[in-house]
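Colleague: Please take me closely through one part of this model, with its faces and its neighbours. After that, a friendly tour of the rest would be very welcome.

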Amino acid sequence: MSKIHSALKESADKVPDSFIQEEPAFSSLDEKLISAGASPGTIAEAHKLKKNNGAGFFDYLIRKKALDEIQLLKIMAQFFGLPFWPNLPMESIDIDFTQNVSIQYLKKHKIVPLITPENPVVAVNDPTNFQPVDDLRQLLKNPDLPVVLSSQDAITAAINMAYDMSRTTAKDYFEEINEASADDLISKIDETADLLDETSDAPIIKLVNLLLSGAIKDRASDIHVEPYSGNLKIRYRIDGVLYDILSLPRRIQSPLISRIKIMAKLNIAEKRLPQDGRIEIKIADRLVDIRVSVIPTAFGERVVLRLLDKTANILKLADLGMHDERIKLFNKLIKSPYGIILVTGPTGSGKTTTLYAALSSINHPEINIITIEDPIEYQIDGIGQIQVNPKIDLTFAAGLRSIVRQDPDVILIGEIRDRETAEIAIQSSLTGHLVFSTLHTNDAASAVTRLIDMGIEPFLVTSSIIAIIAQRLVRVLCPHCKEVCVPDEETLANLGLNKSALQKNIFYRKNGCNLCMQTGFRGRTGIFEILIVDEEIKKLVLKTSDANQINELALKQGMITLQKDGIDKALNGITTPEEVLRVTRSLNRKDDIVLEV
């Protein structure tokens with residue numbers, strides 16, 4: 001103990017006066033750490049590391065799990081007489097420091113300045129690493145900047161937010177370099193020798209980077225690069241709707257698309273054939289996978305980039321937008337021992353998200369879950385996921401044959417595209433497996449018709465499928481700017497509502513503010529139609545595959561349609577009547593009419 005005490009005492013004697021604001025409560029940091037549960041050997045190794053490398057004492061203790069980080073920070077705060085801030089204020093900070101301090105420096109040393117008029121401080125994670133703090137104080141020309149302690153996660157989040165707020169947009173950048181004329185930008189682009197040079201200040205590289213970072217910042221799911229006769233149009237798809245972002249001269253088309261193709265490892269010389277590629281980028285703490293599709297058009301190549309944030313959390317069942325009763329029903333269905341559960345809807349309607357939420361809900365060590373997908377959108381711990389690869393004949397059908405020999409309890413098939421896949425899925429369900437899959441149909445009842453059209457016998461459909469879920473995504477009203485409104489009679493009639501609905505309910509409309517990019521909406525939620533394949537439905541399917549008759553019977557049994565679910569969300573102020581009509585107008589049936597609400 002004496003050697004450890006001496007080593008730590010020597011370390012404590014080196015602490016600058018700016019860090020010691022009051023007499024420590026304990027004579028030795030060692031004793032405090034040991035009394036909290038850290039082993040003497042670990043502490044000795046941490047001091048040895050600090051002596052040899054000049055830093056690493058704090059990180060070593062966390063890495064070796066000597067103590068919990070928050071517990072360790074509280075001990076350090078008490079010993080050094082520093083405030084401990086578990087949460088860092090980011091509402092009114094000055095982000096000018098981002099122009100002078102690199103984000104890599106702050107992340108490396110886990111420090112961030114929080115320059116506010118009332119209480120300017122620098123947050124640090126390791127109070128024993130003094131030099132970076134002193135250097136930062138000099139850079140900011142504030143030698144007396146107080147120090148507070150905070151967690152690594154809080155500091156990283158503050159750094160990312162500050163640099164995200166300071167990032168310019170592609171439009172601002174283009175306007176800035178375009179003040180003289182468009183030819184200035186073109187000449188600079190023409191002079192760029194190597195587009196692969198990531199550290200280059202080449203305007204086209206910076207423009208592409210700003211387009212990607214701006215799309216992620218604006219929550220876009222897709223970026224469209226569209227050439228026309230007179231200009232090159234850039235559009236973002238946000239919450240399912242395309243918005244014009246930027247219009248560029250046609251002369252920028254070739255270097256811009258070449259840059260994207262180089263990033264996606266595509267052939268920049270081939271401009272006559274469609275190409276597909278993939279880009280992986282990291283922005284702040286977010287890892288984003290980008291699927292790139294290039295096709296030739298009359299005015300040159302057209303590019304669509306699909307953005308997938310791999311760091312996004314997988315939604316839970318309660319986050320999908322289902323009512324409590326439907327969540328209970330869905331939860332009961334996904335715990336069935338065998339059978340097929342189909343989720344239907346057009347591309348981009350959230351089918352995969354719903355299935356991932358279902359898998360996460362039943363993902364337990366005692367259950368073997370295997371998926372085959374194209375592509376794998378999210379990695380889930382504890383689940384075996386297979387990527388379809390047609391180039392080596394790894395199709396859904398071929399992969400599914402191998403999956404059933406892996407002793408699975410639950411199987412997820414990304415999509416049933418052909419008869420062969422459908423047959424193997426049905427055979428799997430009949431042999432004691434629970435199978436999840438998707439199908440492209442307009443509503444739940446049409447899924448039965450589609451399977452029979454593929455060549456599946458009706459008796460196999462009725463004996464395997466236990467439920468069909470149709471879904472759409474509606475945009476959610478921005479809570480900060482939505483306004484109360486009174487829908488006109490035509491809108492009410494299209495929704496199947498009468499005037500009495502206005503007396504009992506409050507409707508809202510979009511407005512627009514800075515928080516929602518003036519769109520009036522922020523985020524999306526699902527509307528659902530759940531068809532339970534019970535005995536009555538089975539008898540009808542054996543007689544006919546007519547989707548209208550199947551739908552009528554399901555409605556008599558109490559099925560809530562997509563439009564009715566959407567109306568309910570409009571009545572609860574979640575979305576607008578117009579938004580419900582936008583995604584369900586083609587589904588109107590006389591059975592959907594609601595006389596009173």
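Modeller: What follows is a close look at helix α13, and then at some other places along the chain.

A word on the ground rules: this is a predicted model, in which local features need pLDDT of at least 70 and side-chain atom pairs count only at pLDDT 80 or more, while totals for chains, interfaces and linings use all residues. Residues are numbered from 1 along each chain as its sequence is written, and side-chain values use heavy atoms, leaving out hydrogens and water.

Helix α13 spans residues 324–333; helices (H or I, at least four residues) and strands (E, at least two) are DSSP runs, numbered from the N terminus. Its buried residues are Arg326, Ile327, Phe330 and Leu333, where buried means under 20% relative accessible area, exposed over 50% and partly exposed in between (1.4 Å probe, protein chains only). Looking down the axis of α13, these buried residues fall within an arc of 125 degrees, so they line one face of the helix; the arc is that of the directions from the helix axis to the C-beta atoms. On the other side of α13, Asp324, Glu325, Lys328 and Lys332 are exposed.

What does the buried face pack against? The buried residues of α13 meet β10 (339–344), α14 (351–362), β15 (465–477), β18 (521–532) and α23 (562–571), with contact meaning heavy atoms within 4.5 Å.

From there, let us visit threonine 438, in strand β14 (residues 434–439). Threonine 438 counts as buried because its relative accessibility is 3%. Its contacts, not counting residues up to four places away in sequence, are Val343, Lys351, Leu355, Ile413, Gly414, Glu415 and Ile416. The side chain of threonine 438 also reaches the backbone oxygen of glycine 414 at 2.6 Å. Such a polar contact is a pair of N or O atoms within 3.5 Å; within protein, one must be able to donate a hydrogen and the other to accept it, and residues adjacent in sequence count only if both atoms are side-chain atoms.

Strand β1 (residues 111–114) is covered on both faces: Ile111 and Pro113 are buried on one side, Val112 and Leu114 on the other. β1 pairs with strand β2 (residues 121–124) in the antiparallel sense over four bridges, and two strands pair if DSSP finds at least two bridges between them. Proline 113 has valine 122 of β2 as its bridge partner.

Now for the cores. A nonpolar core is a set of buried Ala, Val, Leu, Ile, Met, Phe, Trp, Tyr and Cys residues joined through side-chain atoms within 4.5 Å. The largest has 46 residues, of which Leu33 and Leu88 touch the most other members. Helix α5 (residues 69–80) gives the most to this core, with seven residues. A second, separate core of 45 residues includes Ile403, Leu439, Ala445 and Leu531.

Elsewhere, leucine 553 sits in helix α22 (residues 547–556) and touches Glu536, Ile537 and Leu540, leaving aside residues up to four places away in sequence.

Finally, the whole chain: it has 24 helices and 18 strands, and 49% of its 597 residues count as buried. Among contacts in the chain with a separation of 6 or more, 65% come from residues 24 or more positions apart.
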